[in-house]
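Biologist: Got a minute to go through this model with me? I'd like to start with the sheet.

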Amino acid sequence: MSSINESITNTTTSYPFPESENQFSKIVDDSLQSFIETIRYNRISENDEDIWKYDRDLKVRIKPYSFANPPSSRKSFYTKTQKWVGYVTEIKRESFNAKLTDLTTKGTNENTEFDFDEITDEDKKLIQVGSAFYWSIGYLHSENGQITKESLIRFQRAVEFTNEDNDEALERAQSLIRSLKWEK
Amino acid sequence: MIKEYLHSKSMTLVFLGDFNPILFQPLWFAEKKLIMEGEAQQADIEILHPNLTKFKLDWVEFEINPGRLEMKISKEPFFEPARDLIVGIFKYLKGTPIRSLGINHTKNFSVPTREMYYDFGNKLVPLALWSNFMDDPRVNIVEILEKPRKDKLPGMIRVRITPTLPHLNIQFGVSMNVNDHYQLEEGRKDREGEILNTLVMQWDYSKTRSDEIVDSLLEKLN
């Protein structure tokens, strides 16, 4: 059996978030009270779902839910997903070539061409030789129950290394080299 | 065999440390080019507060309190982008002390019949033990720990088997969660992004081991 202390350091997925539920309820209760007062004195329609309230004292921003349309408990998810990571190898006029590595079944590489039409406008800015992207195909089960076959491409958003990072990495590497003991 | 009835996968990344919840905001992520601007604008914000932040993008849910940061990813294509996002966030929030990391891999199975579903629970925890003093006993949650870890890394492996969550709408659903938990060695402080390095370095290994655990168990129960 495990000891009770292990629960203090638990990083297992929580269903839902019990530790913060009470805290969340209190903050929302306080904010809701303040929100109701705003409606009462400013005559804002309580059916208006677009109203956002920012309470400066509590520093809380909540989106009020309409009682007629409570938030959906359903979430969308994918089934039968195949995933690849790709690296751009060549950019053409209306497409680019990429080397793909299979993330679902490790160990296979392929070369494929993608049209720019398949890429979102924001991601088009990230296309350059060497840039990485994730490609997946699968069945998307939407919150409304709809199932659609989807191909999804998303370019990697990686933070660039600074000179400071390079210096740190170098320092760590040198420290590692110093710690190595060679057998004679 | 239940393995054949894999329905979907999800992932949760959990960090324990000292966080400032109000710093974690979708618009800030977009400003730092960690997510798309459109994603930030469409974020569903439940609460932004110094003690608790909770919001959803289309593909990830965030909940942050001063001691815990949790990211839930229910769409499989976004597991890797979620990892990149959190690495990017902490690259900007350098010096944030992180003590532990949980990479949670969840596989959901849709078991075709009530008999198979019952049989699965009965093989996991023999229900004959309980039948003298309980009517029609059923298995609800089973949790098994490996501590210390076989790979000698500081932390533990925790396997949790439960019914699937209601939003998946599976009649006889089994959810298998492998919590791959890493922590700093006793007395060490995370000042060099050690836990984040662990996330990046252990990513593939963590997935492979999780698959092996689930597959081997299902094989044995066959």
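Modeller: Sure. This is a predicted model. In chain B, nine strands make an open sheet, ordered E2-E3-E4-E5-E1-E6-E9-E8-E7, and the pairing is antiparallel.

Biologist: Which strands stand at the edges?

Modeller: E2 (44-49) and E7 (142-146) of chain B. Each has a single partner strand, so one side of each is left without a neighbour in the sheet.

Biologist: And how far are neighbouring strands turned against each other?

Modeller: By 10° on average, direction ignored.

Biologist: What packs on the sheet?

Modeller: Helix H5 of chain B, residues 194-221. H5(B) touches E6 (98-110), E8 (155-163) and E9 (173-183) of chain B. The direction of H5(B) makes about 145° with that of E9(B).

Biologist: Back to E2(B). How is E2(B) joined to E3(B)?

Modeller: By a hairpin, through two residues. The two strands pair in the antiparallel sense over five bridges. Leu48(B) has Thr53(B) in E3(B) as its bridge partner.

Biologist: What stands opposite Thr53(B) in E4(B)?

Modeller: Ile64(B). E3(B), residues 52-56, and E4(B), residues 61-65, run antiparallel and are joined by four bridges.

Biologist: Zooming out, what's the element order along chain B?

Modeller: From the N terminus, β-α-α-β-β-β-β-α-β-α-β-β-β-α. That comes to five helices and nine strands. The C-alpha atoms fill a box of roughly 60 × 40 × 30 Å along the principal axes.

Biologist: How much of chain B counts as buried?

Modeller: 42% of its 222 residues. On contacts: counting those with a separation of 6 or more, 62% are between residues 24 or more positions apart.

Biologist: Now the core. Which residues touch the most other members of the largest one?

Modeller: Leu13(B), Phe15(B), Val60(B), Ile73(B) and Ala82(B), out of 33 residues in that nonpolar core. E1 (6-17), E4, E5 (68-73), H3 (79-92), E6 and H5 of chain B each supply at least two residues.

Biologist: What does Ile73(B) touch?

Modeller: Leaving out residues up to four places away in sequence, Ile73(B) touches Ser10(B), Met11(B), Trp59(B), Val60(B), Phe78(B), Phe79(B) and Ala82(B).

Biologist: And what's in the second core?

Modeller: That separate core has 12 residues, including Tyr117(B), Ile157(B), Ile161(B) and Val174(B).

Biologist: Let's look at H3(B). What should its 14 residues span?

Modeller: At 1.5 Å a residue, 20 Å. The end C-alpha atoms are 21 Å apart, which agrees.

Biologist: Which residues of H3(B) are buried?

Modeller: Phe79(B), Glu80(B), Pro81(B), Ala82(B), Asp84(B), Leu85(B), Ile89(B) and Phe90(B).

Biologist: What covers them?

Modeller: The cover includes E6 and E7 of chain A, together with E1, E5 and H5 of chain B.

Biologist: Chain A, then. How many residues are in contact across the two chains?

Modeller: 36 residues of chain A are in contact with 48 of chain B. On the chain A side, the elements giving two or more residues are H1 (18-42), E2 (60-62), E3 (77-91), E6 (132-141) and E7 (147-155). The largest share, five residues, comes from E3(A).

Biologist: How does that side of chain A divide by class?

Modeller: 12 nonpolar, 15 polar and nine charged residues.

Conventions: Residues are numbered from 1 along each chain as its sequence is written. Chains are lettered from A and ligands numbered from 1 in the order in which they are written. This is a predicted model: local features need pLDDT of at least 70, side-chain atom pairs count only at pLDDT 80 or more; totals for chains, interfaces and linings use all residues. Two residues are in contact if their C-beta atoms, placed from the backbone, lie within 7 Å. Ala, Val, Leu, Ile, Met, Phe, Trp, Tyr, Cys and Pro count as nonpolar, Asp, Glu, Lys and Arg as charged, and the others, Gly among them, as polar. Two strands pair if DSSP finds at least two bridges between them. Axes are lines fitted to C-alpha atoms, for helices over the stretch in contact, and angles run from 0 to 180 degrees between N-to-C directions. A nonpolar core is a set of buried Ala, Val, Leu, Ile, Met, Phe, Trp, Tyr and Cys residues joined through C-beta atoms within 7 Å. A residue is buried if 20 or more other C-beta atoms lie within 10 Å of its own, exposed if 12 or fewer, and partly exposed in between; C-beta atoms are placed from the backbone. The expected span of a helix is 1.5 Å times one less than its number of residues.
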